[in-house]
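Student: I've got a model open and a pile of labels to make sense of. Can you take me through how they were earned?

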Amino acid sequence: MPPAIHPVQLVEVLRRKQLTPAIVFLTSRRACDEAISAFQRQEGSLPPERTQAIATVLEQLAVDYPSITGHPLMETVAQFGVAAHHAGHLPSWKIAIEELMRQGQLDAVFATTTLAAGVDFPARTVVITQSSVRKARDFSDLTVGEIQQLAGRGGRRGKDFVGFVMITPSPYIDLQVLSKGLTGFPEAIESQFVISYPMVLNLLKAHPLDHIEGILAKSFAQFQLNRRVDVHQNSLDTIHQDMRPFGPRVCTDWISQWQVYDQARRRHSQRRPASQPDPPGTAAKLPFLTPGRVIRVSKGFAVILRQYRSRGQRYPMLSILRAKGTMTESPAMMVNHIYDHVLEFTTLRAFPWCSPTTLSHLTHELTQLPSNLPVLPVLADEEQQNEESLTPVLTDEFACPTCPSQPACRKDHAVALRLRQKEKGIIKTIHALRTGLWLRFQKKSHVLHKFGYLTATSELTSEGDWARLIRIDHSLLITELIRMEAFAAIEPALLAAVMAGIAHDDDRPGSYQRMSPGLSTMLHQVRAVADSLASYEDPPLLRTDVAALTEQWISQPTLSWANLVRKTAMAEGDVYRLFARTIEFLSQIQTLKISHPSLAETAISAITTMRREVLEELP
Amino acid sequence: MTNEELTGLLQALPLRQLHDLTRGRVHRHFRLGKRRLIEVILSLPPESRSLLEVDVLKPKRQSPHQPSLENSPQPFVAKPTQKKGRGKAKLSASLEPPITVSELLDGLGVPTAQPFHADPWQIEAISKLATNDVIASVPTGSGKTYVAIEATRRALEQDQTVIYTSPLKALSNTKYMEFSQLFGADRVGILTGDRKDNAQAPLLIMTTEILRNLLYDAASGQIDVRLNTLGLVILDESQYLADPERGVVWEETIIFCPSQARLLLLSASIGNPQDLSSWLTSIRAVPCHLIHHQNRSVPLRAGYLHPDGVMVPFFRTRDITKGRGFTFHPETKRLLAQYEGETLGHRNRR
């Protein structure tokens, strides 16, 4: 089984079921063109009278649009009654196809899904072959609105009782998406308000600064933001309702008061250090409890082998050797007397803390000790004992511990605090929603002030006064280039070529073009400027091949359209659109007649040269 | 094939194969025993049954290739309806029986030419435009252009200037030609980025960007077309308001549109026309009247076309119902499962 229905068979089935004329939406331009070439390989054709009728219509149209004459697809259209309709074709050709379709002469038109809005002609049947469409280099599912726009072309008012939408599978089709699109309700539209540099300049030209916020508030964007504000406002009201029992108590702002008190209390309870200081008695003894010191524990004399602190023990510990010859661990506080007598020995770092011979030697010495050894008088520092009573009392700073509403505060605080935090968050959100547009406007006007189009008081400078007339994409780049005198005494061809590079935003590949050294230097410089402005405005693609193509079209006035198109891999329709957009950009420069007369002249002459042959056909 | 022949064939098949055959055709086939299953199959509607017969015969022919359209037995020959058995009645207790292809294609044809009658919503739109701004959010192809033309005619009769904008240059050109034929070439002008043809004409066609620029120029005191007599501004395809790149132009145009001019927004179906309408009411001098409906003037039906040329209905019901969910036609389900099995490879094959 083929992965998708063959276009010839598709049209055959539609014809047999009397479902023609039909619009077949395909994935790409290439798929449309391949469908047509599939017909060209076929035998058979329409009945001669229909072929004749189509040829006649095309001939009539060719009077108004000479570029239709000799179109390579003309015969195919007349012979098979099918055509492709996509952005790769010239507008005149598309007009011809639309006219044929309106007259009902064609059986099928293969169109791309991308340009559904541009397909402004009805048919009896719409054939959908896919559920996703390429948007900005990525495939995404068709929205309900788009599917209904596609399907909506099915069924001609006054010519059909019913319209049909035929779904035919191809790989990657998702019927759920299509069914939902056919049976569902279209999506809500969202405002896409963006503040551009020309908008700021034009608004400030016509209105004083303090009116601007009001004008921005009239936008659909703000309207929709206000809708969201209303939702937040409602939840804010509920929160206020909930907060009513937590109104002012003994202190007006008891929530923060309690919070600070609570935190202080917690900090207090945690103030006790992990290791408490030793009791004063022990602390005083410690410096004397060194290895070799003779002490008295409850069972008689002992000598200290080492002093240490152990993680599990609260008090400093001693390893001691008793007179009996046993070795034990004992807390330092268990020491009864410290004698003024030290037994000399060399300590070791590991058990048994000295050599075994020393050990027996020490035991021996202990037994030899007289019973009336002088005791070291150790005095404890009694002042430290009072420290406990000196810890600050919270009542000094806070009234809370003695406050009559303390129990209520303690109970309600958790709930009240959460409510108040929520309230603060919502108030912040509402503020952001209300002032967002205005802040964005200010940001843009700040940039314009930095570049010298606006004064500090947000009035237009002389530069801003002409810059506001450039109301196209990349306006900042173009005005900056003009201010740098990059276009001083420029050739019309060069100006148009640079504009084409800035204007063209399509990344379909073209093919390498020979260009003049002047243009290549110029493009290099423009790219440098564009990159330096990148933080204020997205840089254009600045494709060299489209710039070179435009340069050739202007600098060689005898170059015919057919020869020009032959030079590039771009589709005819794309070249047309490139030139149309370039002319649009040039005509914006043309409006600078007063401030930059010679540049405007150059633009006019470029436009005049560009408008020939195909580009002259349509207004 | 008669009932007896089919029964004999089905009896000969193992139960497992019977289940495979009835998948997508019979509801809860796995619950039924062999005898009941055959009973239910015999009571299937004629189309499903004839397709099933083809499938029953298929393994016998030992030829896995797709039968071409001409050679294959015509699947859609209407057979005399079988007597409805008990099984059938039980099956379709909850659902209407799925429609047949002949029902789907029923009523195809060209209506005889009738004198044009405006739809009520069109009349409503035109009459409301005298005092209100109007938004018409209606399905594609239900006659928005008629409203534009009639509203223009009325405004021109009152010596007002009319501006008509569309998002695409190609659409502007089409409308320019259409309006030139209707109102006479001398009364229609077109403004594009660089060219002004007949800019003093009472009816001006342009893209929305051009109108926005005109309005900016007017706001800063340089008027070059007759904006003071502007009586009507028609914004076609105004769902472009949501276009990520160009949507802002529509907003600017609406905000700066002179208050004496009426606005007519023509839009394809959108989800929240009420929002748009209350926005217009909140910023414009006159209230906005919203016309919003989902009814197509020509009913639409959906079909499914299999890559081998077989056509079946797409949904169980003939007409596409909005907002009530959907159920695929059992044949569509089966064919799609088959399609997926064949195109997705072994991994997804059952």
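Tutor: Sure, and let's start with a definition: a salt bridge is a side-chain nitrogen of Lys or Arg within 4 Å of a carboxyl oxygen of Asp or Glu. Keep in mind that this is a predicted model.

Student: What makes A:R157 and B:D119 a salt bridge?

Tutor: Their side chains meet with N to O at 3.3 Å. The cut-off is 4 Å, so the pair of an Arg and an Asp qualifies. The rule finds 3 salt bridges across the interface of chain B and chain A. It also finds 23 residue pairs in polar contact there, both residues being at pLDDT 80 or more.

Student: Which elements of chain B give two or more residues to the side that touches chain A?

Tutor: Among them are α10 (208-219), α12 (273-283) and β9 (300-305) of chain B. The one that gives the most is α9(B), with 7 residues. By type, the residues on that side of chain B divide into 42 nonpolar, 33 polar and 19 charged.

Student: How many residues does each chain bring to the contact?

Tutor: Chain B brings 94 residues and chain A brings 88 residues. The area buried between chain B and chain A is about 7,700 Å², and carbon and sulfur atoms give 62% of that.

Student: How do you know that strand β7 of chain A and β9(B) pair?

Tutor: Pairing takes at least two bridges, and these strands have 5, so they count as paired. The sense is parallel. For one bridge to look up, go to A:V165, whose partner in β9(B) is B:A302.

Student: What makes A:D262 and A:R266 a salt bridge?

Tutor: The N to O distance between their side chains is 3.0 Å, and the limit is 4 Å, so the label fits. Both residues sit in helix α11 (residues 254-269) of chain A, 4 residues apart, about one turn of the helix.

Student: Why is A:D262 called buried?

Tutor: Buried means under 20% relative accessible area, and A:D262 has 11%, so it counts as buried.

Student: Why do A:R483 and A:E480 get different labels, when they meet in a salt bridge?

Tutor: A:E480 is at 9% relative accessibility, under the 20% cut-off, so it is buried. A:R483 is at 30%, which falls between 20% and 50%, so it is partly exposed. Their salt bridge has an N to O distance of 3.0 Å, and both lie in helix α17 (residues 475-483) of chain A.

Student: Why is B:E150 called buried, and B:R153 partly exposed?

Tutor: B:E150 has a relative accessible area of 17%, under 20%, so it is buried. B:R153 has 30%, between the 20% and 50% limits, so it is partly exposed. The two form a salt bridge, with their closest N and O atoms 3.3 Å apart. Both belong to helix α8 (residues 144-157) of chain B, 3 residues apart.

Student: Which residues are linked in a network of salt bridges?

Tutor: B:R25, B:D55, B:E331 and B:R334 are. Over all chains, the structure holds 39 salt bridges.

Student: Last one: why does B:L15 count as partly exposed?

Tutor: Its relative accessibility is 36%, between 20% and 50%, so B:L15 is partly exposed. B:L15 is found in helix α2 (residues 15-22) of chain B. Leaving aside neighbours within four places in sequence, B:L15 is in contact with B:K34 and B:L37.

Conventions: Residues numbered from 1 in each chain as written. Chains lettered and ligands numbered in written order. Predicted model: local features only at pLDDT ≥ 70, side-chain atom pairs only at ≥ 80, totals over all residues. Heavy atoms only, no water. Contact = heavy atoms within 4.5 Å. Buried area = accessible area lost by both parts, 1.4 Å probe. Polar contact = N/O pair within 3.5 Å; in protein donor to acceptor, adjacent residues only side chain to side chain. Nonpolar A, V, L, I, M, F, W, Y, C, P; charged D, E, K, R; others polar. Buried < 20%, exposed > 50% of the residue type's maximum accessible area, 1.4 Å probe, protein only.
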